[in-house]
Structures are given as structure tokens and as C-alpha cells.
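Reader: Can you walk me through this one? I'd like to begin with its pockets.

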Amino acid sequence: MLEKIELRKKLKNISLVDVEHSQTVIEKLQNTIRGKIVCTYVPLESEININMYLKGYAVLSTTCLQDEEIRICIYDEPFEKNNFNVFQPVNLKIIDYVDIFLVPGVGFDKKGTRLGKGRGIYDQLLSNYLDSIFIGVTDNNHILDYIPLENHDIQMHSLLTHDEFIDINL
């Protein structure tokens, strides 16, 4: 979709704000994940590192590539780059259940539509966990009024920025 390609180009030229998250946002995040199985990501340079604020979860997991299939595994160092050029644990311990996903994106809109890098990897993964909660991690400069929604797109239940935890009514 041409409109998404143009939005991606525009948003990639806007640096993510690298500031500390407000105490209110951190507390809301920690209360949300308390006692839950959480899937986070190992951040790339172009993604916000939310992991330093993750406390109180039951199990921390991340995405991984196993036999060319995107899966969920225990978040455990050391890491190595996979075929998608994303860091994942060297020793994969696969799990099949996640309560909450923390999801990076190039951009999001106020209805929870996520604009990814264009390969559909996260949408494919999240479509297998529709009973889970999806929280988009971004900054205010990457929240748009509108991103086109396609049939395969998985919407977020909340957005987390440095100063807001935005619940979305889906």
C-alpha cells in the first residue's frame, strides 16, 4: 500500500525521543505486567528500550526465529542476531503462551493501528495470540491521527509513550 510506504519514509526520518519515562507511566506499566507472562523485544538502535522498566512480571520472553518461523522464547542472555538481523537468545527455550506483548513500531495511530517495517512479521506472530494484550511502545512524535488499516493488521490495545499510557477501546 503506497500510503503506508510514504508514512514509513516520513516517520523513519523522525528520531525517537530518547528520554526517561515518567514515573506515572512506569507505575502503570509495572502494574499492568505484574505476575504476567510478558513478551518484549531486544531493541534495535531505532527502537525505544523499555526493558529497563520491566519489573514484577512472572516470565519475560522475547521473539526468536526457529526453523525460519517466528516464535516466542525465554528472554535470556547472551544474544545473537538472527536472519532478520534482530537479536535473540543464543539458547532458545520456546514457550507457547503470552499474556502481554510489548510491540515496537515505526508508528501508531490513536486507534491502535501499528505501522511496522513492512514485512508483516509482528502481525503474523500476534495473530496467533489474539487473547493476549498488545501494547505499542513509541514516543509522541510517532503517533499519527491515521494509519491505513489492512485486513492482516493487528491493532494494539494500548500505546505507551514516555509520558502517557494510552488505553484504546477496540
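Reader: How much space lies in the largest pocket?
Author: About 780 Å³. This is a predicted model, where local features need pLDDT of at least 70, side-chain atom pairs count only at pLDDT 80 or more, and totals for chains, interfaces and linings use all residues. Residues are numbered from 1 along each chain as its sequence is written, and side-chain values use heavy atoms, with hydrogens and water left out.
Reader: What counts as a pocket?
Author: On a 1 Å grid over the protein atoms alone, a pocket is an open set of points where a 1.4 Å probe fits, with protein on both sides within 12 Å along at least five of seven lines; lining residues have an atom within 4 Å of a point. The volume is the space filled by probe spheres set on the points, which are joined across faces, edges and corners.
Reader: Which residues lie nearest its centre?
Author: E47, R114, G116, K117 and R119, out of 40 lining residues.
Reader: Switching to helix α2, which residues are buried there?
Author: In α2 (residues 23-33), V25, I26, L29, Q30 and I33 are buried (under 20% relative accessible area, 1.4 Å probe, protein chains only). Helices here are DSSP runs of H or I with at least four residues, and strands are E runs of at least two, numbered from the N terminus.
Reader: Why are they on the same side of α2?
Author: Because they cover an arc of only 130° around the axis, taken from the directions from the helix axis to the C-beta atoms.
Reader: And the other side?
Author: Q23, T24 and N31 are exposed there (over 50%).
Reader: What do the buried ones pack against?
Author: Strands β1 (37-40), β7 (100-104), β12 (158-160) and β13 (165-167), with contact meaning heavy atoms within 4.5 Å.
Reader: What comes just after α2?
Author: G35, with a positive phi of about 75°.
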